[in-house]
Amino acid sequence: MPGPATGLPMPVLDFHAHFPARPASPPGDPVRAEYVRRHGEARWAVVQKWLEADLAAWRAAWGFPEPEPEPQGGDAETAARWAQEVERHGLARVVFVTGGGNDRLAAVVGSRPDLFVGFAHHDPFAPGAAAELERAVVHLGLRGYKIIAPLHRQRLDDDRLAPLWETAERLGIPVLVHFGPLRYQGIVAGPNISPLVLQDVARGFPGIPFVVPHLGCGYPRELLHLMWVCGNVSVDTSGSNEWMRWMPYDLDLSSLLRRFLDTAGAERIIFGSDSSWFPRGFARRYLDEQFRACCELGVSDEDLRLIFFGNATRLLGLRKEASGQPANPAIAKPPPP
Ligand SMILES: [Zn+2]
């Protein structure tokens with residue numbers, strides 16, 4: 001069992017990070033491809049400029065350095081830098097929810113299975129998506145599935161996805177689904193922008209533990225409604241949660257966390273950082289602010305342990321592994337480094 005993270009009274013597992021694989025292999029950026037097909041490269045450059053200015057202002061506000069244009073070295077070097085971050089901050093593990101495709105991320109995770117966990121991430125509407133999920137979990141050793149819902153033009157509750165949900169339920173893996181604005185793609189609308197589209201899926205497949213990130217990402221009321229009726233939906237805390245600035249009423253981290261604690265309890269709140277690029281590495285500031293907010297709300301030591309460690313290890317099946325039992329019989333031992 002790893003020791004407590006530096007300065008914090010319990011072990012910390014980061015449930016939501018992105019392995020910075022560049023150039024990103026498929027699934028790539030379908031939004032850019034579609035925009036350029038319809039409107040051309042010149043207009044794409046104009047709308048990108050708006051987003052770049054906004055991103056720069058956000059980084060300045062948080063004191064984050066500019067990302068390296070390309071990670072230096074290959075995946076092995078980036079993995080070594082990430083391993084240093086995990087050890088430096090005393091994290092139990094970090095979960096990479098994306099990372100350049102399933103095979104590539106599985107190789108990264110296999111290089112340090114004691115520190116890294118990886119999720120499958122591929123187009124849920126692609127032919128064979130269910131079989132690919134099965135392959136990613138059973139043969140590659142990935143432990144969950146990530147979907148970025150607003151990137152898809154067809155609704156997530158479409159019957160076509162039933163085989164995918166059946167596979168996830170049978171494998172017993174968590175499914176992390178992003179809803180709400182996508183800063184990098186400039187998306188704030190579409191059929192999968194609100195977490196309410198998950199209602200029939202979550203109720204239809206109660207064996208799937210769904211996790212919706214970023215404390216609802218602009219849709220806290222919708223997510224609270226969903227979590228109120230669906231006991232298999234959890235929330236992750238990851239990111240700066242800057243979306244609170246665009247709510248039509250005052251909202252801060254503490255008041256938001258309190259709503260989720262009141263509605264779902266500490267058992268369904270999971271710490272994540274949304275860390276991705278270097279030189280920032282692990283976004284320690286998010287951990288410190290979220291820990292402080294929980295303490296100010298009077299969250300008990302037992303519940304702090306759930307939020308920052310225990311819930312994630314339960315969903316990932318790591319608790320059983322620590323006790324010597326196979327974590328999830330469906331998940332293969334990661335390939336040796
Ligand atoms: Zn993320």
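How many bridges join β4 to strand β5, and in which sense do the two run? Four is the count to remember, or as I'd write it on the board, 4 bridges, and β4 and β5 run parallel. Strands here are DSSP runs of E with at least two residues, helices are runs of H or I with at least four, and both are numbered from the N terminus. Two strands pair if DSSP finds at least two bridges between them.

Quick housekeeping before we go on. What you see is a predicted model, where local features need pLDDT of at least 70 and side-chain atom pairs count only at pLDDT 80 or more, while totals for chains, interfaces and linings use all residues. Residues are numbered from 1 along each chain as its sequence is written.

Okay, back to β4, which covers residues 145-148. Its partner β5 covers residues 175-178, and Y145 stands opposite V175 there. Both faces of β4 are covered: Y145 and I147 are buried on one side, K146 and I148 on the other. By buried I mean 20 or more other C-beta atoms within 10 Å of the residue's own; 12 or fewer is exposed, in between is partly exposed, and the C-beta atoms are placed from the backbone.

Put helix α6, residues 162-171, together with β4 and β5 and you get a right-handed β-α-β unit. Right-handed means that, with the strands pointing away from you, the path from the first strand over the helix to the second runs clockwise.

Now zoom out to the sheet. β4 belongs to an open sheet of 5 strands, in the order β4-β5-β6-β7-β8, with parallel pairing. β4 and β8 stand at the edges with a single partner strand each, so one side of each has no neighbour in the sheet. Over at the β8 end, strand β7, residues 233-236, pairs with β8 over 2 bridges, and V235 has I269 as its bridge partner.

There's another open sheet, with 3 strands in the order β1-β2-β3, and the pairing is parallel here too. β1 and β3 are at the edges, each with a single partner strand, so each has one side left without a neighbour in the sheet. On average, neighbouring strands in this sheet are turned by 30 degrees against each other, direction ignored. Helix α4, residues 102-111, packs on the sheet and touches β2 and β3, with its direction at about 160 degrees to that of β3. Those angles run from 0 to 180 degrees between N-to-C directions, with axes as lines fitted to C-alpha atoms, for helices over the stretch in contact. Contact means C-beta atoms, placed from the backbone, within 7 Å.

Going strand by strand, β1 (residues 13-18) has 6 of its 6 residues buried. β1 pairs with β2, residues 93-98, over 4 bridges, with L13 opposite R93. β2 and β3 pair over 3 bridges, and V95 has V117 as its bridge partner.

Just before β1 you'll find P9 in the preceding segment. P9 counts as exposed because it has 12 C-beta neighbours inside 10 Å. P9 and D301 are 292 residues apart in sequence, but 8.4 Å apart in space, C-alpha to C-alpha.

So what about the inside? A nonpolar core here is a set of buried Ala, Val, Leu, Ile, Met, Phe, Trp, Tyr and Cys residues joined through C-beta atoms within 7 Å. The largest one has 84 residues, and F96, A168, V175, V177, F210 and I307 touch the most other members. Helix α11, residues 301-316, gives the largest share, 8 residues. A168 touches L133, Y145, I173, V175 and I208, leaving out residues up to four places away in sequence.

For contrast, look at helix α2, residues 41-62: the count of buried residues among its 22 is 0. α2 reaches 31 Å from first C-alpha to last, close to the 32 Å expected, which is 1.5 Å times one less than its number of residues. After α2 comes G63, with a positive phi near 70 degrees.

Last, some backbone oddities. C217 isn't a glycine, yet has a positive phi of about 45 degrees; C217 is in the loop between β6 and α8, and counts as buried because it has 25 C-beta neighbours inside 10 Å. D274, also not a glycine, has phi near 65 degrees and is in the loop between β8 and α10. P279 is found in the loop between β8 and α10 as well, and the peptide bond from F278 to P279 is cis, with omega near 10 degrees.

Methods: Contact = placed C-beta atoms within 7 Å.
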